[in-house]
Amino acid sequence: MSNKVVIRPENKPEGYEGEGYMLTRLDKVVGLARANSLWPLPFATSCCGIEFMATMAANYDLARFGMERMSFSPRQADLLMVMGTISKKMGPILRQVYEQMAEPKWVLSMGACASSGGIFDTYSVLQGIDRIIPVDVYIPGCPPRPEQVLDGILKIQELAKNEGIGYRQSAEYKARLAQYGIE
Amino acid sequence: MHHRTASQNSEKITYLFEEVNTALKTKFGADLLNAQIDYDFPVFEVSKSAVHDVLEFLKNDQAMVFSFLTTMCGSHFPEQGEREFMLMYQLHSLEKNQRIRIKTFMSIKDIEVPTATDLWKGANWMERETFDFYGFRFKGHPNLKRILNMDEMNYHPLRKQYPLEDGSRDDKADNYFGR
Amino acid sequence: MSNQENKIGQAFSTEISEQKDYSILNLGPTHPATHGIFQNVLTMDGEIIVRAESTIGYIHRAFEKLAERRPYNQITPITDRLNYCSSPINNIGWHMTVEKLIGCEIPKRAQYMRVIIMELARIADHIVCDTVIAVDTGALTGFTYLFQWREKIYEIFEEICGARLTTNIGRIGGIERDFSPTAWSRLDSFLKEFPKGLSEFQSLVERNRIFMDRTVNCGPISAEMALQYSFTGPNLRAAGVDYDVRVMNPYSSYQDFEFNIPVGTSGDTYDRFMVRMAEMWESVKIINQAVKNMPDGSFHADVPEFYLPAKEDVYSKMEALIYHFKIVMGETDVPVGEVYHSVEGGNGELGYYLISDGGRNPYRLHMRRPCFIYYQAYTEMIKGSMLSDAILTMSSMNVIAGELDA
């Protein structure tokens, strides 16, 4: 009886395989590694934060997507999840947290309030965080169900997987940041 | 068409109303401007100059013991001229399970009121919030600055003349929202 | 306050002296342990906190101004977002305020159903608070196990009203629909299994040496100070005062139920934790009594001018359609008056002060938010404690940012 273990990975990048080696593109491997090991920064401000806690809990486990470790320090985080209403008082702080994150970084805006101000069309609420930071994925809902949150995170994973290596130094990305006034 | 339900304790409330009314009339006389029962609350309107003394009297009185400040808030009635701004305090006597409301009105010209923080420490933030929303100046407050809005805001947003929305937003067209 | 001894017998002084070198620590708005966004700038002498300055308002959404713009039925979603861990209590409290204004009697069945919903919400709120206190001491197991019961409560809410967290439950005049058989069966299985799960968690931390060392004598507050700061709810009861709105001013038939008010002694973190734990047991007792004694009858009052008719009727009957239109468009006559009604929320006395001028929207709605009022005392409570005790004190006070800033 042979002791060979057959592993059939899903979503294997295309390439040439042989006994004990695989030849593929570097950016595919890097993309795979990035997508499955994102460290999120839960920027939870209000009710969406509680639904995020429910997503993190055992029923809709977030750890199966590689997000076991929440990073509350922006310096060590990859994914900024903004969950909840951002008021104008909080805007500069959100911006500072975003700028403290190292590249590559993605931003997920969870909930109606973070995406567009939600039901709070008032003088004190920022009508969407995309007024101050670039956002990659928006999750609608008030609050979104945990399944929707997982869907949004899977979309972020798709973005991370297909990004490529040189994107963050490219002119296109720098132009995007310049729109928000970020160097 | 709308039948008001008789409050279960309407006798108790009438008795409380009489008790407080008599006590306030005896002690403060002309400063007690109005007294009525609103639903299940005895409501006493006093003049602004006496409001702090009235609160102190009610708090320290041995018979009534209104020693718990439930809440306080302000309100704005722009058409009422001299009675434009209203301040409301709700007191609760935990020992006797009785609640009353004290109100005072003032015009925009003399919107200064003595603070209640020397009676209840909990009035600190309540007064800051009322200042933030309406602009009441509480004389003697240890730290009267805005609490909920941004410090740089230069108007008092809950006054009726100011709109709810931020006028400078450009992504929501008012005519779609019925405004 | 000058020279005192802290929890571990070290002498410290909370007066700022010129000779010492103090460090400033910003327990900023975004912090994993603050469970909400509010800031405390701490002046520290080593590990001891000498002074603290609080800044709140980072999630001020102007509820009181927003309420002046919305008709009575549309204010319910706003009240959801006050203490969002137990939103049904806020919703039902608001509906009761409007019912007091219009003078409407709610049938017994609807009152009992409301009690069941409110007590489930209270259990959900206390699950969050207690597990988070344990997480802040390092005991993450309680959180991972007990959140399963929150999912079960969410499933019950979903069956009743369609939403999990921000429920927008009920109507002015009762509940929108009777509990379906699925809701009853989910409720029954919850009542059967939750006590086992709760006692598991309780046995893990209640007499746990490490947990008690961390939480006993951590951030205490005396009853006099608590009353001065207008504390209500579990924080006040942990300090020794048995003030519970459900008992003092009973609403929605709470006088029919037998339950105790758990009261602590020293008002420290352990007492706050245990008071909430005991309240969860009392809530289970209340729900059991309500289910057993559920009266027959209607689930809503007969106030067609305010109670939105059932959707099946709106689509098939003319009268219901007309009433629906009138209510939504604001053609109904609302009485003029001022009313205040309070309920026992997850954090204390949640009150609504409503001034109505007869129009479609309230003229003024002021919400008495317990979190906002008792959080003032935080800077006093942590004077002289160490940083980790300050974190525990904050999480044991159950400060929900939505209720703090409104």
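Here are a few exercises with worked solutions on a predicted model.

**Exercise 1. Find which element of chain A gives the most to the side that touches chain C, and sort that side by class.**

Step 1. Start with the overall contact: 25 residues come from chain A and 25 residues from chain C.

Step 2. Next, look for elements of chain A that give two or more residues to this side; they are helix 2 (47-56) and helix 3 (91-100).

Step 3. Helix 2 of chain A gives the most, with 4 residues.

Step 4. Sorting the chain A side by class yields 16 nonpolar, 7 polar and 2 charged residues.

**Exercise 2. Treat the side of chain B that touches chain C in the same spirit.**

Step 1. Here 29 residues of chain B are in contact with 33 residues of chain C.

Step 2. On the chain B side, strand 3 (68-76) and helix 3 (123-134) each supply at least two residues.

Step 3. Strand 3 of chain B gives the most, with 6 residues.

Step 4. The classes on the chain B side are 14 nonpolar, 12 polar and 3 charged.

**Exercise 3. Describe how domain 1 and domain 2 of chain C meet.**

Step 1. Take the bounds from the domain assignment: domain 1 covers 3-55 and domain 2 covers 63-405 of chain C.

Step 2. The C-alpha centres of these two domains lie 32 Å apart.

Step 3. Now count contacts: 17 residues of domain 1 of chain C meet 21 residues of domain 2 of chain C.

Step 4. Strand 5 (residues 48-55) of chain C brings the largest share of the domain 1 side, 5 residues.

Step 5. By class, the domain 1 side has 7 nonpolar, 7 polar and 3 charged residues.

**Exercise 4. Classify the crossing of helix 3 and helix 4 of chain C, and list the residues that make the contact.**

Step 1. The axes of helix 3 (residues 87-102) and helix 4 (residues 108-137) of chain C come within 7 Å and cross at roughly 140 degrees.

Step 2. Angles over 145 degrees would count as roughly antiparallel and 65 to 115 as roughly perpendicular, so helix 3 of chain C is oblique to helix 4 of chain C.

Step 3. From helix 3 of chain C the contact takes C:Ser87, C:Pro88, C:Ile89 and C:Ile92, and from helix 4 of chain C it takes C:Arg114, C:Ile117, C:Met118, C:Ala121 and C:Arg122.

Step 4. In classes, this contact has 6 nonpolar, 1 polar and 2 charged residues.

**Exercise 5. Decide whether C:Thr79 is buried or exposed, and place it among its contacts.**

Step 1. C:Thr79 sits in helix 2 (residues 76-80) of chain C.

Step 2. C:Thr79 has 26 C-beta neighbours inside 10 Å, and therefore counts as buried, the cut-off being 20 or more.

Step 3. Leaving out residues up to four places away in sequence, C:Thr79 touches C:Asn90, C:Asn91 and C:Trp94.

Step 4. The C-alpha atoms of C:Thr79 and C:Ile89, 10 residues apart along the chain, are separated by 9.2 Å.

**Exercise 6. Examine the backbone at A:Pro104, A:Pro143, C:Ser230 and C:Asn398.**

Step 1. The peptide bond from A:Glu103 to A:Pro104 is cis, with omega near -10 degrees; A:Pro104 is in the loop between helix 3 and strand 5 (106-110) of chain A.

Step 2. A:Cys142 and A:Pro143 are also joined by a cis peptide bond, with omega about -15 degrees.

Step 3. Phi of C:Ser230, not a glycine, is positive, near 55 degrees, and C:Ser230 is buried, with 27 other C-beta atoms within 10 Å.

Step 4. C:Asn398 has a positive phi of about 55 degrees and is buried, with 30 other C-beta atoms within 10 Å.

Technical notes:
Residues numbered from 1 in each chain as written. Chains lettered and ligands numbered in written order. Predicted model: local features only at pLDDT ≥ 70, side-chain atom pairs only at ≥ 80, totals over all residues. Contact = placed C-beta atoms within 7 Å. Nonpolar A, V, L, I, M, F, W, Y, C, P; charged D, E, K, R; others polar. Buried ≥ 20, exposed ≤ 12 C-beta atoms within 10 Å, placed from the backbone. Domains from an automatic or database assignment. Axes fitted to C-alpha atoms, helices over the stretch in contact; angles between N-to-C directions. Parallel < 35°, antiparallel > 145°, perpendicular 65-115°, else oblique.
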